[in-house]
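This report goes through one protein model, from its aromatic rings to its strands, core and charged pairs. Keep the sequence and the 3D view open while reading.

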Amino acid sequence: MNNLFAQPCAIVDLETTGGNIARDRITEVGMVLIDGERVERLSWLVNPGQPIPPFIENMTGISNEMAAAAPPFSALADDLLSRLQGRLLLAHNARFDYGFLKNEFRRQGLRFQARALCTVKLSRRLYPQHFKHSLDSLIARHGIAMPERHRALADAEAVYRFIQIASAELGEDKVAHEASQLLSQPAELSSLPADLQQQVEDMPDSAGVYALFGEDGRALYVGRAPNLYRKTLGHFAERKPGQKSHEARIDEPVARVEWRESLGDFGGHLLELQWLSRLQPLHNPRARMMGEVCTLQLQTGEDGFMRATPVSARDIDFTRTGDLYGLFRHAREARKALAQIALAQGLCQSVLGVEQVTSRKGQPCAAHQIRRCRGACVGEEEADSHNWRLKTALQRLKVKPWPFEGAVAVAEHDEVCGDVVEHLFDRWCYLGSRRNGGALEGEPAFDLDYYKLLESELRKPDREVRAL
């Protein structure tokens with residue numbers, strides 16, 4: 001008997017409607033149950049309660065007609081749970097299968113928890129000389145005969161045979177040792193409270209946004225990640241002196257973690273901005289600057305000279321006002337930019353109001369004394385000339401006009417499950433997002449970050465934008 005199988009085991013493989021743990025559903029469950037020398041093979045088709053995308057139908061051979069005749073997961077849940085409880089769960093990419101099962105059981109009000117061993121990671125430890133460790137690679141490398149690839153029981157059987165072959169080639173003790181090393185709890189989680197450990201373990205290996213909360217309920221940090229589980233785990237990793245990390249170090253105790261998956265990168269950025277604005281997390285300095293946006297507006301004084309005055313988005317509608325130049329976090333940043341332009345172009349900082357002149361009218365500004373001003377302050381340059389040079393210098397900062405007649409939807413697609421998420425904008429204002437034509441979600445906002453994000457997204461040649 002293989003040493004790894006000295007304990008009750010369940011080798012599990014699932015077929016699903018797609019790869020998103022939150023939205024997709026199980027279409028088939030395959031199990032190889034091992035109790036010592038006794039091996040039992042079981043398989044169930046499952047009605048997912050939602051369409052199976054054509055791509056998945058072609059890959060698995062499980063059609064919508066086949067699934068429609070199968071029982072829903074709710075009808076199988078008690079039986080499946082009784083067979084899985086108390087067993088070591090093995091799967092190729094175990095977090096995928098384990099996560100789907102946990103979510104499905106949770107929807108039925110059932111708690112499922114098991115130690116899970118990922119045979120992708122096991123293969124990497126046993127055969128480090130090989131680069132690829134997908135199930136297809138293992139099947140080809142070890143000559144595993146497969147009658148039905150991408151059917152749940154057949155794939156679970158392939159994993160079972162891989163472990164048998166590895167045990168024969170490398171020894172049962174070697175396989176059992178490497179498995180035990182993988183089953184050890186991640187060091188990052190060992191010092192966390194049990195409920196927080198469970199929350200982190202429940203996080204999916206998919207893209208999205210997460211938030212860490214302190215014991216007093218205040219948000220400590222908001223982040224965006226292509227892999228929510230791995231990124232969050234990094235916050236709790238112990239660092240050696242001088243060691244750098246991309247994850248923010250949170251010194252306060254973390255009591256809770258929340259997350260939300262995103263379909264695409266653009267939607268993930270938008271969701272991150274919303275959470276930063278709403279939660280104002282302690283360790284995100286960027287959050288404290290959100291919503292504070294201003295610009296330079298040209299106004300002509302009684303003396304005929306134009307001045308670029310900082311104005312706030314709270315006071316005027318940036319999306320409907322002309323002759324606005326630059327978007328800045330605050331007025332101080334706007335005045336600094338104006339001073340740099342004036343100095344570079346020989347404009348009078350006194351006339352522009354950048355330099356406060358307390359002496360009598362007609363006194364030369366400081367820049368004029370070092371020949372960096374053409375003399376508007378002392379009547380050596382006419383207003384028309386100074387105004388023209390000012391507008392020319394500001395032109396590169398001009399806030400771009402809204403390039404559409406009205407509101408638009410920026411679309412993102414999930415090619416696997418067929419979902420479409422549309423992000424709605426009008427005059428650079430974010431209006432909200434909707435999935436598959438449903439209700440709008442998200443807080444409407446106009447902010448420098450939203451403007452920059454959308455402006456960058458619209459420059460992409462393959463970006464799908466639809467007028468509303």
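F404 counts as partly exposed, because its relative accessibility is 29%, and a residue is called buried only under 20%. W402 has a relative accessible area of 12%, so W402 is buried. These values, like the others in this report, come from a predicted model.

A pair of aromatic rings is described by the distance of the centres and the angle of the planes. For W402 and F404 the ring centres are 5.2 Å apart and the planes meet at 65°, so this pair is edge-to-face. F425 and Y430 form a tilted pair, with 5.4 Å from centre to centre and 55° between the planes. Both F425 and Y430 are buried. In the whole structure a search finds 12 aromatic pairs. One aromatic cluster is made of F73, Y98, F105 and F112.

Charged side chains also meet rings here. R95 lies over the face of Y229, 3.6 Å from the ring centre. R256 lies over the face of F213, at 4.0 Å from the ring centre.

**The core**

In soluble globular proteins, nonpolar side chains tend to be buried together. In this model the largest nonpolar core has 30 residues, and F266, L270, L327, F425 and L454 are those with the most contacts inside it. At least two residues of this core come from each of β6 (208-214), β7 (219-225), α12 (265-279), β11 (324-328), β12 (408-413) and α17 (448-458). Which element gives the most to this core? It is α12, with six residues.

What does F266 touch, leaving aside its neighbours within four places in sequence? F266 is in contact with V410, E412, H423, F425, L453, L454, E457 and R463. Apart from the core of 30 residues lies another core, of 28 residues, which includes V29, M31, W44 and A94.

**Strand β6 and its partners**

In a regular strand the side chains alternate between the two faces of the sheet. On one side of β6 are G208, Y210, L212 and G214, and on the other V209, A211 and F213; all of these are buried. The strand is mostly covered, with seven of its seven residues buried.

β6 runs antiparallel to β7, and six bridges join the two. Within this pairing, L212 stands opposite Y221 of β7. The two strands form a hairpin with four residues between them, and G217 in the turn has a positive phi of about 90°. β6 also runs antiparallel to strand β8 (residues 254-261), to which seven bridges join it. The bridge partner of G214 in β8 is V254.

**Helix α6**

Which residues of helix α6 (residues 135-142) are buried? They are L135, S137, L138, I139 and H142. The cover over the buried residues of α6 includes α5 (119-126) and α7 (152-170). After α6 comes G143, whose phi is positive, near 65°.

**Salt bridges**

Side chains of opposite charge can pair when their charged atoms come close. A search of the whole structure finds 23 salt bridges. Three of them are listed below, with the distance between N and O atoms.

| Salt bridge | N to O distance |
|---|---|
| R83 and D79 | 3.1 Å |
| E272 and R224 | 2.9 Å |
| E455 and K400 | 2.5 Å |

R83 and D79 both lie in helix α3 (residues 73-84), four residues apart, which is about one turn of the helix. An α-helix has 3.6 residues a turn, so residues three or four places apart point the same way. R83 has a relative accessible area of 27% and is partly exposed, and D79, at 30%, is partly exposed as well.

The salt bridge of E272 and R224 links distant parts of the chain: E272 is in helix α12 and R224 in strand β7, 48 residues apart. E272 is buried, with a relative accessible area of 9%, whereas R224 counts as partly exposed at 30%.

E455 lies in helix α17 and K400 in the loop between α16 (383-394) and β12, so their salt bridge ties together parts that are 55 residues apart in sequence. E455 counts as buried at 14% relative accessibility, while K400 counts as partly exposed at 42%.

Salt bridges that share partners also join R38, E40, D79 and R83 into one network.

Methods: Residues numbered from 1 in each chain as written. Predicted model: local features only at pLDDT ≥ 70, side-chain atom pairs only at ≥ 80, totals over all residues. Heavy atoms only, no water. Core = buried A, V, L, I, M, F, W, Y, C linked by side-chain atoms within 4.5 Å. Buried < 20%, exposed > 50% of the residue type's maximum accessible area, 1.4 Å probe, protein only. Contact = heavy atoms within 4.5 Å. Phe/Tyr/Trp six-rings, centres within 6.5 Å; stacked < 30°, edge-to-face > 60°. Lys NZ or Arg CZ within 6 Å of the ring centre and 35° of its normal. Salt bridge = Lys/Arg side-chain N within 4 Å of Asp/Glu carboxyl O. Pairing = 2+ DSSP bridges.
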